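This briefing concerns a predicted model. The points below are grouped by topic and follow the sheet, its helices and one selected residue.

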Amino acid sequence: MIIDFHGHVGSFDSIGARQDADRILRAMDMAQVDLACVFNIGHGDASKANQLTAEFVAQHPDRFIGFLFVTPHYPEEMEAEMIRGADELGLKGIKIYPPYFNRSVEDAIWDPIFSFAHQRKLPVISHTDGTDPIVNPNNGEPQMFVPWAKKYPGANIVLAHAGNFRTGRQSCVRAARSCPNIYIEICTSWRHFRSIEDLVEGAGEDRVLYGSDLPLIDPRIHTGRVLTANISDDAKRKILGDNAARLLHLS
Ligand SMILES: [Zn+2]
């Protein structure tokens, strides 16, 4: 089974990526993706974003898994919205996007999110970027997730985009090696040669997850990177689905 750990609900008109479930399913079928995790980061009002995610998933519940989204701009609303998202809307993970909120991942304002994920054993996927955190403090430098992973071992923290380029990937590997509950998701528009092999050699085949960033990026690009990588068939199976199934409690 192939599980895509990174997909978006909502349209991105500037690049022609539309929220069109049938079109997205066709793209998933072409990449042989069985299930896609999706989230909506397009609304400051998290309850609206989560409602739209739940409605999107309800069109094809056999193909999509919804993740909830919360923003640290409204800390007093976060916990109630996470409970609603998980218990009423059936959302199975949490997405955070630090670059939107002018809040470093090190800020205590994120604590309730990681705490909730720990209590509920949910995965938290965050945008990451290996840019120098002194230059770009809000981009989600991978090392910033280490204290949260240590404080909340029940939360499985997924570093989306694998830090986006070479120094970011190296930082993701260091983070994963220091915490058993840190995972690395591969979708990115930075596709250096041997990137999958480096992640597997550095962090281990149990800690790398396939994601596509659909509908922004063709899901075949990243299945292709995994399928053609110089790693074992077992490692490919784990990256493309088995590791995600474990985090989503499907196996
Ligand atoms: Zn994305």
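Leucine 159 stands opposite isoleucine 184 of strand E8. Helix H6 packs on the sheet there, where it touches E7 and E8, and its direction makes about 150° with that of E8. The model is predicted, and local features are reported for residues with pLDDT of at least 70.

**The sheet and its pairing**

- Six strands form an open sheet in the order E4-E5-E6-E7-E8-E9, and their pairing is parallel.
- Strand E4 (68–69) and strand E9 are the edge strands; each has a single partner strand, so one side of each lacks a neighbour in the sheet.
- E7 and E8 run parallel and are joined by three bridges.
- Strand E6 (residues 123–127) also runs parallel to E7, to which five bridges join it.
- Isoleucine 125 has valine 158 as its bridge partner in E7.
- The bridge partner of isoleucine 157 in E8 is isoleucine 182.

**Crossovers**

- From E7 the chain passes through H6 to E8, and this β-α-β crossover is right-handed.
- A right-handed β-α-β unit is also made by E6, H5 and E7.

**Burial in strand E7**

- Five of the five residues of E7 are buried, and the strand is thus mostly covered.
- Asn156, Val158 and Ala160 point one way from E7, whereas Ile157 and Leu159 point the other way.
- Both groups, on either side of E7, are buried.

**Helix H6**

- The 13 residues of H6 should span 18 Å at 1.5 Å a residue, and the end C-alpha atoms are 19 Å apart, which agrees.
- Gly168, Arg169, Ser171, Cys172, Val173, Ala175 and Ala176 are the buried residues of H6.
- These buried residues are covered by elements including helix H5 (146–151), strand E7 (156–160), E8 and H7.

**Helix H7**

- Helix H7 comprises residues 195–203, and its buried residues are Ile196, Leu199, Val200 and Ala203.
- These residues lie on the same side of H7, because they cover an arc of only 95° around the axis.
- An α-helix has 3.6 residues a turn, so residues three or four places apart point the same way.
- The buried residues of H7 pack against three helices and two strands: helix H6 (166–178), helix H8 (219–227), helix H9 (233–247), strand E8 (182–185) and strand E9 (208–209).
- Glycine 204, just after H7, takes a positive phi of about 100°.

**Alanine 160**

- Is alanine 160 buried or exposed? Alanine 160 is buried, because 27 other C-beta atoms lie within 10 Å, and 20 or more suffice for that class.
- Alanine 160 has its place in strand E7.
- Leaving aside residues up to four places away in sequence, alanine 160 touches His6, Ile125, Ser126, His127, Thr128, Glu185, Cys187 and Gly211.
- Lysine 92 is 68 residues from alanine 160 along the chain, and the C-alpha atoms of these two residues are separated by 17 Å.

Terms used:
Residues numbered from 1 in each chain as written. Predicted model: local features only at pLDDT ≥ 70, side-chain atom pairs only at ≥ 80, totals over all residues. Buried ≥ 20, exposed ≤ 12 C-beta atoms within 10 Å, placed from the backbone. Helix = DSSP H or I, 4+ residues; strand = E, 2+ residues; numbered from the N terminus. Arc of directions from axis to C-beta. Contact = placed C-beta atoms within 7 Å. Expected span 1.5 Å × (residues − 1). Pairing = 2+ DSSP bridges. Axes fitted to C-alpha atoms, helices over the stretch in contact; angles between N-to-C directions. Right-handed = clockwise from strand over helix to strand, strands pointing away.
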